[in-house]
Amino acid sequence: PFSPLAQGAIMAGLHALEDDRPRQAVAIAPGPALARGDIVLVIDESIAARYLDINHPAGVRSGLARARRGVVTANFGVAAAVTNCSAGSNLTLRYGGTRETYREAAEDMPSIWAYARRAGRRTVYLDAQRERGALQNLMTPAEAAEIDDFVQLGTTPVAERDRALARRLGARLGNGVAEFILVNKVGAHFPIADKFPLAAARYRPLPPRGRTAGITDIAALPGQAADSDEEWRRYRNAYRNTLVWSTAGFFDLLLPRVAGSGAVLLYTADHGQNLYERGGAGGPTHCVPEPAGGEEGAVPLVVIAAAGAEGTAAERGAAEPSTAPTDWRAVAAARRDAMSHFRIFPTLLALMGYESATTAPLYGPTLLSPEPDPMTFTPNYNASLGRDPSWYRVDPAALAAPPTGDYAAGTRDR
C-alpha cells in the first residue's frame, strides 16, 4: 500500500533536482475554437476501466451508458494511461508530449493553461483531492500562477466531494465565460471503505468501515489492505460501491447541465487498478515497478459534448463552409479500445482552435486521427541516468474481468 507514496516521493525529488530551464511561451497562434462553450478535462482517480458498465457487462453503473437528451456521449472504451501512478499521468495530461518527448515537454514546454490563455479562455482548476492551496501531482507554484480560478473543496466531507464538484462544474458551464476547466476528482483511490454512505452500498459483503472517512488517498492502516481472497472480494465490493457513488453520482448531477451549454468534456482516469481478480496474497493496486498485467494502465476514455457543441462552420469561422461538426460517436466507434492518454493533450488543443497539423510534430495525433496508437504505458515514468522508460501494452481483451461472484445475490444495483 505504500508503493504510490514512495513513487510519488521519488518523482517529486527528481522533479526538484532537474535543471530549472525557462519554460517556453506558446508559439502557435490559434484559430477559431471548435468548441462553442467550455472545454473540460475530467481526471478521475484510480478507475479500473472494465469496472464501468460502458466497458464490460459486469461493470457497475457509470452514469454514462444511457442516452440523455441534448448530450452526445462517445465512449472510446479502454485506453492506455501514460503511467500507472497518479503524478506522472497528471503531469503529462497537463503538459503533453509523446512517448518519446513527454519528459522534455514536462520540463520546459508550455502548459495546457498557457495554451488556453493564448486562445482567450479563462483557466479553472477544480481540485477535490487537496485543501488549503496544497499542490499535488508535481504542480509547481509557477504553474499554479497560470490558473485564474483555483478551487478546492477542503471543507466538504470526502465522500461528498465528487458530487459537490459536479454541481460546481455544472454551474460554470452556464456562466457565459469561455473557460478551460481541469477537474481532479476524489474517485476511488484507497482507502475506499468509507468513500460512500453505508445506505448507498449496493454490493456486499464489505470490508470494515469507520476509520478512513476523512482521508482522500495514501493511507495504509491495519485492516485497510487486502491480504487474502476474501479480503480482496470485500475490497472489490467497496470499490464497486465507490464507483456507483462517486462516478455515476458525478455524471448523474453533471450531464443535465451539459445539455445546451456548448461544452465539450473529455473524461478519463489517471491510472487503472490491479484488484487481484486472479488471486494473490495482496499488495499495492497500482504504481508497481513491474506490473503483472495491463490492469494498472487501463483507463476509461469518453468524450461528452453538448449537442451542437461545435456549432456551424460559419460560426467557427471555418475556411471551408462545408466543414461539418465532428461525429464523436462515429469517431469513438472506429477507435474503440485503441487510444491512450497521449491523444488527449493535442485533442484539447484542437478544440481550442490550434491546427492539428501544426501541433502534431510536438504532441502527436489527436483522437480524430486514424493513426494507430501503441496502447502502452510506462511504470518507470521518471527513467533517468541514461535509461529509457519501459513500455507495457494494454490489451483490453486480456484484462481481468470483474468477478460476479464477489457480491451476494440480489445486492447488485442495476
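This section describes the fold, the nonpolar cores, one cavity and selected backbone features of a predicted model.

The chain contains 11 helices and 10 strands. Of its 414 residues, 58% are buried. Among the contacts between residues at least 6 apart in sequence, 79% join residues at least 24 apart.

The largest nonpolar core comprises 100 residues, and Leu169, Phe180 and Ile304 have the most contacts inside it. Helix α7, spanning residues 229-258, supplies the largest share of this core, with 12 residues. A second core, separate from this one, consists of nine residues, among them Val82, Tyr102, Ala106 and Leu138. The surroundings of Phe180 were examined with neighbours within four places in sequence left aside. On that basis, Phe180 is in contact with Ile39, Leu41, Ile112, Trp113, Ala116, Leu348 and Met352, among others. The contacts of Phe180 also include Arg121, Arg122, Thr123 and Val124.

Enclosed space was considered next. Rolling a probe the size of a water molecule over the atoms shows where empty space is left. Three cavities of 30 Å³ or more are present in the structure. The second largest cavity has a volume of about 60 Å³. Its lining is made up of Ala48, Ala49, Arg50, Tyr51, Gln273, Glu277, Glu295, Ala298, Leu399 and Ala400. By class, six of the residues lining the second largest cavity are nonpolar, one is polar and three are charged.

Helix α2 covers residues 86-95, and 10 of its 10 residues are buried, so this helix is largely enclosed by the rest of the structure. The buried residues of α2 include nonpolar Ala87, Leu91, Leu93 and Tyr95. Ser86, Ser89, Asn90, Thr92 and Arg94 of α2 are likewise buried, as is Gly88. Just after α2, Gly96 adopts a positive phi of about 75 degrees.

Two residues of α2 also appear in the surroundings of His341. This histidine is placed in the loop between β8 (339-340) and α10 (344-352). His341 counts as buried because its relative accessibility is 3%, which is under the 20% cut-off. Not counting residues up to four places away in sequence, His341 touches Ser89 and Leu93 as well as Ala80, Ala81, Val82, Thr268, Ala269, Asp270 and Val299. Val82 is also a member of the second nonpolar core. With Ala269, a polar atom of the His341 side chain lies 2.8 Å from the backbone oxygen.

Gly262 is located in the loop between α7 and β6 (264-269). The relative accessible area of Gly262 is 11%, so this glycine is buried. With residues up to four places away in sequence not counted, Gly262 touches Ala35, Arg36, Gly37 and Asp38, and also Ala306 and Ala309. Gly262 and Val71 are 191 residues apart along the chain, and their C-alpha atoms are separated by 9.8 Å.

Several backbone features fall in loops. The loop between β5 (179-184) and α7 holds Pro191, and Pro205 is placed in the loop between β5 and α7 as well. The peptide bond from Phe190 to Pro191 is cis, with omega near 5 degrees. A cis peptide bond also runs from Arg204 to Pro205, where omega is near 5 degrees.

Positive phi values also occur in residues other than glycine. Cys287 has a phi near 65 degrees and is placed in the loop between β6 and β7 (298-306). At 1% relative accessibility, Cys287 counts as buried. Asp337 has a positive phi of about 55 degrees, although it is not a glycine. This aspartate lies in the loop between α9 (328-335) and β8. Asp337 counts as partly exposed because its relative accessibility is 30%, which falls between the cut-offs of 20% and 50%.

Conventions
Residues are numbered from 1 along each chain as its sequence is written. This is a predicted model: local features need pLDDT of at least 70, side-chain atom pairs count only at pLDDT 80 or more; totals for chains, interfaces and linings use all residues. Side-chain values use heavy atoms; hydrogens and water are left out. A nonpolar core is a set of buried Ala, Val, Leu, Ile, Met, Phe, Trp, Tyr and Cys residues joined through side-chain atoms within 4.5 Å. Buried means under 20% relative accessible area, exposed over 50%, partly exposed in between (1.4 Å probe, protein chains only). Helices (H or I, at least four residues) and strands (E, at least two) are DSSP runs, numbered from the N terminus. Contact means heavy atoms within 4.5 Å. On a 1 Å grid over the protein atoms alone, a cavity is a set of points where a 1.4 Å probe fits but cannot get out, and a pocket is an open set with protein on both sides within 12 Å along at least five of seven lines; lining residues have an atom within 4 Å of a point. Grid points are joined across faces, edges and corners, and a volume is the space filled by probe spheres set on the points. A polar contact is a pair of N or O atoms within 3.5 Å; within protein, one must be able to donate a hydrogen and the other to accept it, and residues adjacent in sequence count only if both atoms are side-chain atoms.
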